Amino acid sequence: MTDLLEEPRDGAKTLAGAGKSYGIPMSVLAEITHRCPLQCPYCSNPVELERAGAELTTEEWKRAMSEMADMGVLQIHFSGGEPTARKDLVELVRHATEVGLYSNLITSAVLLTRDKLAQLADAGLSHVQISFQGSEAGIADRVGGFKGGHAKKLEVARWVREVGLPLTINAVMHRQNLHQLPEIIDMAVALDADRLEVANVQYYGWALKNRAALMPTEEQVDWTTRIVEEAQERLRGILAIDYVIPDYYALQPKKCMGGWGQQFFNISPSGKVLPCHAAESITGLHFDSVRDHSLAWIWENSPALNLYRGTDWMPEPCRSCPKKEEDFGGCRCQAFALTGDASNPDPACVFSPFHEQIFRAAKEEATGPAERFIYRNFAGGTPEGER
């Protein structure tokens with residue numbers, strides 16, 4: 001990293017280190033494509049996906065990674081969509097290694113071959129994170145909308161350990177698979193995973209369409225918490241387990257992504273720089289692109305990144321809250337999805353004026369009959385097909 005002034009592509013002056021007011025971004029989520037063979041009903045990608053023709057080129061991604069390293073970024077997480085759908089993934093991982101970035105592959109694994117995984121390891125890949133939709137094929141393949149997906153995930157997880165890479169299991173949990181959590185924990189241990197994320201669904205974007213089918217009951221959440229706490233104690237030193245209570249059952253919102261535009265940013269397939277992977281769900285915001293500006297300039301000067309940084313933007317009761325610098329107002333995407341205004345208090349907070357009405361309705365949905373999933377396009381059929 002350097003303290004010299006640089007001339008970004010837009011011609012403005014800025015510090016190459018950037019982020020002087022909010023620190024150095026520690027990690028970047030690189031969504032290199034929205035293409036994906038799965039049809040997960042809780043997908044966090046935008047409702048309107050970006051086409052392959054709009055994706056950054058190999059050279060554009062490499063240039064962006066070099067700029068990340070110059071800024072002091074430490075980690076890059078290759079994601080999507082399904083990142084292995086890009087034919088240049090090995091080249092991108094190799095460049096990340098060359099510029100000194102720790103690289104994590106976040107994947108559904110269903111497109112990976114043993115040879116491609118070995119190539120990625122040789123290119124310097126640091127870690128692999130595989131998503132699972134259940135503990136067995138029946139539920140898992142139904143949720144993912146991909147026949148044979150669960151078996152392939154198990155196979156790839158074993159390959160990951162064979163090539164000597166650390167492994168995280170990302171278990172996306174919801175109403176229809178929470179009962180499998182004990183088996184998922186056992187599966188993670190059997191696969192020799194280093195870490196298990198018990199990742200509760202977040203309800204915006206496509207997941208909001210499926211909230212009635214995905215929202216757990218309060219009893220399920222209490223049971224899940226007991227299972228996780230027991231496993232954390234029992235498997236200490238064997239398997240690290242991360243778990244956060246679902247927003248809809250918490251009293252205080254989470255510090256989303258470490259605070260809007262404070263520790264992290266995301267790059268969309270077409271190069272837009274976002275404060276989180278779901279920020280495009282907030283309509284009306286303009287996100288600057290790496291095709292138009294340097295990353296250092298965007299981190300420091302982007303109106304969208306500066307919009308909800310810190311605490312000055314907050315309305316009441318957030319502005320007077322003693323915990324405002326702990327949670328930084330919670331999730332802006334959730335506030336927009338549930339109230340129509342991203343500047344409103346996050347409804348997850350018990351002090352939000354929107355909390356009781358919105359969350360009472362969601363909890364009532366959770367106790368109703370199990371709903372069918374709405375998929376983007378199931379098995380090549382009609383968009384928003386149900387199953």
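Here is a short chat about confidence, one helix and the cavities in this predicted model.

Mentor: Residues count from 1 along each chain as its sequence is written. As the model is predicted, local features need pLDDT of at least 70 and side-chain atom pairs count only at pLDDT 80 or more, while totals for chains, interfaces and linings use all residues, and side-chain values use heavy atoms, without hydrogens or water.

Trainee: What makes pLDDT useful here, and what does the protein average?

Mentor: pLDDT is the predictor's confidence in each residue, from 0 to 100. The protein averages 88, and 91% of the residues score at least 70. Over residues 1-20, though, the pLDDT is below 50.

Trainee: Why is α1 called a helix?

Mentor: A helix is a DSSP run of H or I with at least four residues, numbered from the N terminus. Residues 58-71 give α1 14 residues, so the run qualifies.

Trainee: How do you know what span to expect for α1?

Mentor: Take 1.5 Å times one less than the number of residues. That gives an expected 20 Å, and α1 reaches 20 Å from its first C-alpha to its last.

Trainee: Why are some residues of α1 called buried?

Mentor: Buried means under 20% relative accessible area, with a 1.4 Å probe and protein chains only. W61, A64 and M68 are among those in α1, so each falls under that cut-off. The buried residues of α1 pack against elements including β3 (27-31) and α2 (89-98).

Trainee: What comes just after α1?

Mentor: G72, with a positive phi of about 105 degrees.

Technical notes
Helix = DSSP H or I, 4+ residues; strand = E, 2+ residues; numbered from the N terminus. Buried < 20%, exposed > 50% of the residue type's maximum accessible area, 1.4 Å probe, protein only. Contact = heavy atoms within 4.5 Å.
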